[in-house]
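Got your viewer open? Let's take a walk through this one, stop by stop.

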Amino acid sequence: MNLFLAMLPLGIKDYMIPCFSKQILGMDCPGCGLQRSVVFLFQGDFIAAFHMYPAVYTIIPLLGLLLADVFFKIPYINKIVVLLMILSVGLILGNYILKFI
């Protein structure tokens, strides 16, 4: 299993989706860096993942909670999801603005 996790990022890099706005317009989109950030997480490089795309640390728990809510009744899920969504949008926009400064 550990070998599989070690080899996983190598296979993912071959299938990353290119950023069309960067290719066409020549500038990053707000989602640029998400795929590379996930690869860094799989490799265990958490600091590089944060530097690449800080919102990954709010998006992953958000998706996990939404998936868990399908199978289990989680109390106060609406408030938690809204909070994580606001944090995610704030981090995405903040990171996007800081790229141009």
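Which residues does I77 touch, not counting those up to four places away in sequence? Select I77 and look around: the answer is L65 and D69, where a contact means heavy atoms within 4.5 Å. Before going on, bear in mind that this is a predicted model, in which local features need pLDDT of at least 70 and side-chain atom pairs count only at pLDDT 80 or more, while totals for chains, interfaces and linings use all residues. Residues are numbered from 1 along each chain as its sequence is written, and side-chain values use heavy atoms, with hydrogens and water left out.

**Stop 1: around I77**

I77 lies in helix α6. With a relative accessible area of 8%, I77 is buried; here buried means under 20% relative accessible area, exposed means over 50%, and partly exposed is in between (1.4 Å probe, protein chains only). Try drawing a distance from I77 to L65: they are twelve residues apart in sequence, and their C-alpha atoms are 7.9 Å apart in space.

Now click on Y76. This one sits in the loop between α5 and α6 and is exposed, at 63% relative accessible area. Check its backbone too: Y76 has a positive phi of about 60 degrees, although it is not a glycine.

**Stop 2: the whole chain**

Zoom out and switch to cartoon. You should find six helices and zero strands, following the pattern α-α-α-α-α-α along the sequence. Helices (H or I, at least four residues) and strands (E, at least two) are DSSP runs, numbered from the N terminus. Of the 101 residues in the chain, 23% are buried. Among contacts with a separation of 6 or more, 41% come from residues 24 or more positions apart.

**Stop 3: helix α5**

Select residues 56-71, which is α5. Its 16 residues should span 22 Å at 1.5 Å a residue, and its end C-alpha atoms are 23 Å apart, which agrees; the expected span is 1.5 Å times one less than the number of residues.

Which residues of α5 are buried? Colour V56, T58, I59 and L62. Look down the axis of α5 and its buried residues fall within an arc of 165 degrees, so they line one face of the helix. That arc is taken from the directions from the helix axis to the C-beta atoms. An α-helix has 3.6 residues a turn, so residues three or four places apart point the same way. On the other side of α5, L67 and F71 are exposed.

What do the buried residues of α5 pack against? Show α3 (34-43), α4 (46-52) and α6 (77-99). One residue to pick out is S88, whose place is in helix α6. S88 counts as buried, at 5% relative accessibility, and it touches A55, T58 and I59 once residues up to four places away in sequence are set aside.

**Stop 4: the nonpolar cores**

Select L41, A49, Y53, A55, V56, I59 and I92 together: these seven residues make up the largest nonpolar core. The term covers a set of buried Ala, Val, Leu, Ile, Met, Phe, Trp, Tyr and Cys residues joined through side-chain atoms within 4.5 Å. Apart from that core lies another, of five residues, including L62, I74, I77 and L84. Click on A49 next: leaving aside its neighbours within four places in sequence, A49 is in contact with S37, F40, L41, P54, V56 and Y57.

**Stop 5: two cysteines**

How many disulfides does a search of the whole structure find? Zero, with a disulfide being a pair of cysteine sulfur atoms within 2.5 Å. Select C19 and C32 to see their sulfurs: they are 3.1 Å apart, too far for a bond. C32 is buried, at 8% relative accessible area.

While you're there, pick S21 in helix α2 (residues 20-25). The C-alpha atoms of S21 and C32 are separated by 9.4 Å, with the two residues eleven apart along the chain. S21 is partly exposed, at 23% relative accessible area, and touches G26, M27, D28 and C29, not counting residues up to four places away in sequence.

**Last stop: aromatic rings**

The count of aromatic pairs comes to two. Rings of Phe, Tyr and Trp (its six-membered ring) pair if their centres lie within 6.5 Å; planes under 30 degrees apart count as stacked, over 60 as edge-to-face and the rest as tilted. Select Y96 and F100: their ring centres are 5.1 Å apart and their planes at 85 degrees, so the pair is edge-to-face. F100 is partly exposed, at 47% relative accessible area.
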